[in-house]
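Colleague: I am new to reading protein models, and I would love some help with this one. Could we go through it together?

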Amino acid sequence: MARKKIALIGGGQIGGIMALLTAQKQLGDVIMLDIPDKEGYVKGKMLDIAESQSAGGYDAKIEGTSNYADIAGADVVIVTAGLPRKPGMSRDDLLDINVKIISEVARNVKKYCPGAFCIIVTNPLDSMVHAFRKVTGFSKNMVCGMAGVLDTSRFCSFVAMELNVSVNDVSALVLGGHGPTMVPLPRLASVSGIPISELLSAEKIDAIVKRTAEAGTEIVKLLGNGSAFFAPATSAIYMAESYLLNKKRVLTAAAYLEGEYDINGYYLGVPVVIGADGVEKIIEVKLTADETDKLNNSLNAVKKAVAEVDGLI
Ligand code: TXD
């Protein structure tokens with residue numbers, strides 16, 4: 001059986017890590033695409049990963065290109081094409097430039113990979129997923145955004161650090177838009193089923209909620225140039241793996257809502273099941289009045305960005 005084909009559109013910080021992770025997990029062949037000026041860069045990066053295979057013990061075709069014809073027939077497309085934040089920038093500051101890039105990428109993915117499961121990573125995430133689906137016209141189950149897996153991973157990491165326990169025993173959900181209005185749900189977070197409210201003070205939990213919402217900015221400030229890439233890359237591959245191996249993981253992703261959570265016509269971070277049919281199910285978790293207010297507040301932030309995108313494409 002032929003190996004699956006994973007197209008990574010954008011060969012920068014996140015793209016490179018995703019390519020290595022895809023190879024190491026033997027999820028399939030990798031084709032990384034970037035702009036013509038960066039063709040040598042991505043060819044070099046992919047040749048380097050290809051040369052790691054002997055030592056790494058994995059087999060795949062790993063190539064770089066700037067020619068969209070080379071992504072033809074990809075099973076999964078992961079899009080990081082766009083500019084990352086610089087210190088002092090909000091994710092929404094990237095909207096004007098990145099929506100043009102996403103529109104160009106979407107037109108080409110529609111032409112060359114009409115059947116692909118598409119995971120959008122580029123910021124501002126929720127409105128870029130909207131733009132990508134608007135341009136491609138792909139069905140809603142085949143287009144989603146990666147943010148909730150990252151935000152949840154950050155929340156779980158902070159809980160594990162505080163309690164000095166394995167992060168793999170921490171379970172949580174972070175809903176909403178990928179930005180300061182995101183909605184961690186500490187009420188549903190647990191360590192091996194034990195509610196974190198029995199393990200951490202309310203003050204500590206609140207501090208973790210706040211740090212999660214600002215975690216991306218914290219790394220942008222520390223790096224001084226660019227934004228986080230290891231955890232975002234790992235999160236996007238986690239989603240791609242669930243699709244390719246039909247793992248039906250339950251995770252938070254930016255999914256298209258048509259009435260769920262009383263929201264209609266927007267992408268927003270909610271719990272979903274990802275399997276061989278893409279976003280197979282949206283799970284409507286019961287929220288308290290306060291949590292619902294926070295989710296709607298986050299939606300309002302997304303609506304503003306979407307309105308701006310709709311004025312541009
Ligand atoms: O959780 C999340 N969704 C976020 C997403 C987490 C972290 C980073 N987030 C966003 O991902 C970030 O704000 C950016 O918008 C993207 C990509 O971040 P990355 O750190 O990988 O940025 P790089 O290293 O600048 O890589 C972007 C690449 C770069 O090589 C450009 O040349 C390329 O995108 N690029 C393009 N590729 C193809 N086609 C076009 N038009 C294009 N324009 C730029």
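Colleague: Which residue has a backbone N or O atom 2.9 Å from an oxygen atom of the ligand?
Modeller: Let's start with polar contacts, meaning pairs of N or O atoms within 3.5 Å; within protein, one must be able to donate a hydrogen and the other to accept it, and residues adjacent in sequence count only if both atoms are side-chain atoms. One ligand oxygen atom has such a partner at 2.9 Å, a backbone N or O atom, and that partner belongs to Leu83.

Colleague: Good to know! How should I treat the numbering and the values?
Modeller: Residues are numbered from 1 along each chain as its sequence is written. This is a predicted model, where local features need pLDDT of at least 70, side-chain atom pairs count only at pLDDT 80 or more, totals for chains, interfaces and linings use all residues, and side-chain values use heavy atoms, with hydrogens and water left out.

Colleague: Which residue has a polar side-chain atom 3.2 Å from an oxygen atom of the ligand?
Modeller: There are 28 residues around the ligand (a heavy atom within 4 Å of it). Gln13, Asp34, Leu83, Val121 and Met146 come nearest. For Ile14 it is a polar backbone atom that lies 3.0 Å from a ligand oxygen. The side-chain atom at 3.2 Å belongs to His178.

Colleague: How many residues does domain 2 give to the contact with domain 1?
Modeller: An automatic or database assignment sets the domain bounds, with domain 1 at 5–145 and domain 2 at 148–312. Their centres, taken over C-alpha atoms, are 21 Å apart. In the contact (heavy atoms within 4.5 Å), domain 1 takes part with 40 residues and domain 2 with 44.

Colleague: What area do domain 1 and domain 2 bury between them?
Modeller: Buried area is the accessible area (1.4 Å probe) that two parts lose on being put together, summed over both. Here 67% of it is on carbon and sulfur atoms. In domain 1, Arg85, Arg91 and Asp126 lose the most, together 18% of what that side buries. The total is about 3,600 Å².

Colleague: Which element gives the most residues to the side of domain 1 that touches domain 2?
Modeller: The rule finds 11 residue pairs in polar contact across this interface, both at pLDDT 80 or more. Helices (H or I, at least four residues) and strands (E, at least two) are DSSP runs, numbered from the N terminus. Those giving two or more residues on the domain 1 side include α1 (13–24) and α4 (95–112). With nine residues, the top contributor is α5.

Colleague: Which residue forms a salt bridge with Lys25?
Modeller: A salt bridge is a side-chain nitrogen of Lys or Arg within 4 Å of a carboxyl oxygen of Asp or Glu, and the count comes to 11. For Lys25, the closest N and O atoms are 3.5 Å apart. The partner sits in helix α9 (residues 230–244), 216 residues away from Lys25, and is Glu241.

Colleague: Which proline follows a cis peptide bond from Asn123?
Modeller: Most peptide bonds are trans. The bond after Asn123 is cis, with omega near -5 degrees. The residue it leads to is in the loop between β5 and α5, and is Pro124.
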